[in-house]
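Morning, everyone. I'll walk through one chain today, from the overall numbers down to single residues. Please have the structure open as I talk.

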Amino acid sequence: MGYGELNIRSYNPQKDRARVEDLERRCEVGPAERGFLFTDTLGDPICRIRNSPIYNMIVAELNNQLVGVIQGSIKLVTIHKPPKNLARVGYILGLRVAPLYRRRGIGSSLVVRLEEWFIASGVDYAYMATEKDNDASFKLFVEKLSYVKFRTPAILVNPVNCPMYRISSKYEFEKLKVEEAESLYRKFMSSMEFFPSDIGNILRNKLSLGTWVAYPRGESWGEILPSSWAMVSVWNSGEVFKLRLGNAPTSCLMYTKSSQLMGSLVPCFKWRGIPDFMHPFGFYFIYGVCREGPMSGKLVRTLCRLVHNMAAKCRDCKAVVTEVGGSDTLRRHIPHWRLLSCPEDLWCIKGLKNEERESFYELIKTPTTRTLFVDPREV
């Protein structure tokens with residue numbers, strides 16, 4: 001490499017905590033034209049993987065300087081490949097390289113080391129998510145490390161602001177017990193791509209605020225389900241880390257300022273503007289969106305509004321976020337702002353076992369219309 005000896009090793013909390021936090025603060029996330037996101041891990045650099053069944057963080061040192069970091073988690077999920085339709089997958093996230101040390105092969109060295117840990121742990125596939133316009137990430141994973149494009153889900157962002165949504169009296173709402181929610185998820189969503197086998201652990205996690213169902217007023221919720229119903233679960237990501245928007249687009253800044261001004265000048269109009277994303281904020285993540293029946297789209301929209309009103313009561317929560325399959329018609333029913341959302345996130349995948357190469361090719365050829373389950377622990 002010509003710049004000194006690169007040392008790649010496991011994360012040491014006592015030695016590395018402060019240095020990893022400093023690196024996070026110096027590394028932006030997201031395409032420049034839409035603004036950078038900076039992450040505050042609230043004193044816990046492994047907060048984004050701590051709730052996963054198996055996890056690891058790896059750091060890179062050069063000349064005694066911590067110059068890179070990567071995180072990975074492992075779980076068992078539904079993947080449509082014969083004969084089991086189950087696979088052990090490793091998720092790659094949090095790849096950071098200090099700005100002054102980029103384009104020296106540090107990022108690829110970190111990924112390769114994490115893949116070695118995946119293989120030693122019996123992982124079938126490694127996958128990662130990045131912005132569609134992140135050229136550096138695409139070149140690293142696809143062009144250099146042989147990952148292939150797998151799915152393009154949409155990230156939908158709805159700002160949390162006042163006034164709260166009016167909730168229609170046409171619908172009934174119920175918060176489910178964890179056991180009932182788990183049973184319904186296994187019944188209706190276990191065949192969904194990337195559905196986690198440990199869904200019960202997710203629902204029981206302290207960050208999962210609960211699972212709610214909505215159905216038409218006049219019908220009842222019981223062993224026989226209503227003619228139409230919808231279900232969502234909510235994860236409080238703001239308790240894990242905070243985000244801050246930097247280098248915001250001029251259009252976003254102007255809209256934020258003008259909407260705040262309008263709200264103060266004419267409060268009677270109940271102007272709905274963009275919250276202040278330039279200071280640290282948290283967000284609620286909606287996961288496990290499930291629906292049945294002819295009215296289910298309206299019920300999903302109403303549940304999303306209910307979650308928005310919940311988030312409005314949380315001081316630091318500035319957005320409600322969810323992620324759906326790129327071709328999923330569900331997105332039409334989820335309130336979101338195009339200015340803040342990402343219509344095409346990019347998931348890339350790589351087979352790690354030679355004996356499963358044929359089934360891997362079958363997997364990546366499956367239709368992209370399948371619905372995805374996005375694990376809130378990996379947001």
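Start with burial. The chain has 379 residues, and 53% of them are buried. Keep in mind that this is a predicted model. The secondary structure comes to 8 helices and 15 strands. Now the contacts. Take those with a separation of 6 or more: 78% of them join residues 24 or more positions apart. On the outside, the chain exposes about 17900 Å². Carbon and sulfur atoms supply 51% of that area.

Next, one strand. Please find β5, residues 86-97. Why do we call β5 largely enclosed by the rest of the structure? Because 9 of its 12 residues are buried.

Who are its partners? On one hand there is β4, residues 65-78. β4 and β5 run antiparallel, joined by 10 bridges. To see one pairing, look at Lys75, whose bridge partner in β5 is Val89. Then there is β6, residues 125-131. β5 and β6 run parallel, and 4 bridges join them. Here Ile92 stands opposite Met128 of β6. How does the chain get from β5 to β6? It passes through helix α2, residues 106-120. This β-α-β crossover is right-handed.

A general reminder while we are on strands. In a regular strand, side chains alternate between the two faces of the sheet.

Stay with α2 for a moment. Val111 sits in this helix. Is Val111 buried or exposed? It is buried, with a relative accessible area of 0%. Beyond its neighbours within four places in sequence, Val111 contacts Ile70, Ile92, Leu95, Leu140, Phe141, Leu145 and Tyr147. You met Ile92 a minute ago, opposite Met128. Val111 and Ile92 are 19 residues apart along the chain, and their C-alpha atoms are separated by 8.1 Å.

Now to β6, and to Thr130 in that strand. Thr130 has 7% relative accessibility; the cut-off for buried is under 20%, so Thr130 counts as buried. Which residues does Thr130 contact, leaving aside neighbours within four places in sequence? They are Ser137, Asp345 and Leu346. Look at Asp345 in particular. It is 215 residues from Thr130 along the chain, yet the two C-alpha atoms are separated by 6.2 Å.

Let's move to another part of the chain. Thr211 lies in strand β10, residues 208-216. It is buried, at 4% relative accessible area. Its contact list, again without neighbours within four places, is Glu174, Lys175, Leu176, Ala181, Tyr185, Leu203, Met231, Val232 and Ser233. For a distance, take Ile286: 75 residues away in sequence, with 9.7 Å between the C-alpha atoms.

Pick Ala181 off that list. It lies in helix α4. At 1% relative accessibility, Ala181 counts as buried too. Leaving out neighbours within four places, Ala181 contacts Leu176, Leu203 and Thr211. Leu176 and Leu203 are also on the Thr211 list. Met231, another name from the Thr211 list, lies 50 residues from Ala181 in sequence and 8.8 Å away, C-alpha to C-alpha.

Helix α4 brings us to a pocket. The second largest pocket has a volume of about 360 Å³. It is lined by 25 residues. The closest to its centre are Met189, Met192, Val289, Asp328 and Thr371. Which elements each supply at least two lining residues? They are α4 (178-189), β13 (282-292) and β14 (317-324). And which gives the most? That is β13, with 8 residues.

Last item: backbone angles. In general, most residues other than glycine have a negative phi. Two residues here go the other way. Asn63 is not a glycine, but its phi is positive, about 55°. You will find Asn63 in the loop between β3 (54-62) and β4. The other is Phe194, with a positive phi near 70°. Its place is the loop between α4 and α5 (199-204). Phe194 is buried, with a relative accessible area of 1%.

To wrap up, three places to click on. First, β5, which is paired with β4 and with β6. Next, the second largest pocket, where β13 gives the most to the lining. Finally, Phe194, a buried residue with positive phi. Thanks, and over to you.

Terms used. Residues numbered from 1 in each chain as written. Predicted model: local features only at pLDDT ≥ 70, side-chain atom pairs only at ≥ 80, totals over all residues. Heavy atoms only, no water. Buried < 20%, exposed > 50% of the residue type's maximum accessible area, 1.4 Å probe, protein only. Contact = heavy atoms within 4.5 Å. Areas by Shrake-Rupley, 256 points an atom, 1.4 Å probe, with all protein chains shown as cover. Pairing = 2+ DSSP bridges. Right-handed = clockwise from strand over helix to strand, strands pointing away. 1 Å grid on protein atoms, 1.4 Å probe; cavity = no way out; pocket = protein on both sides within 12 Å on 5 of 7 lines; lining within 4 Å. Points joined across faces, edges and corners; volume = space filled by probe spheres on them.
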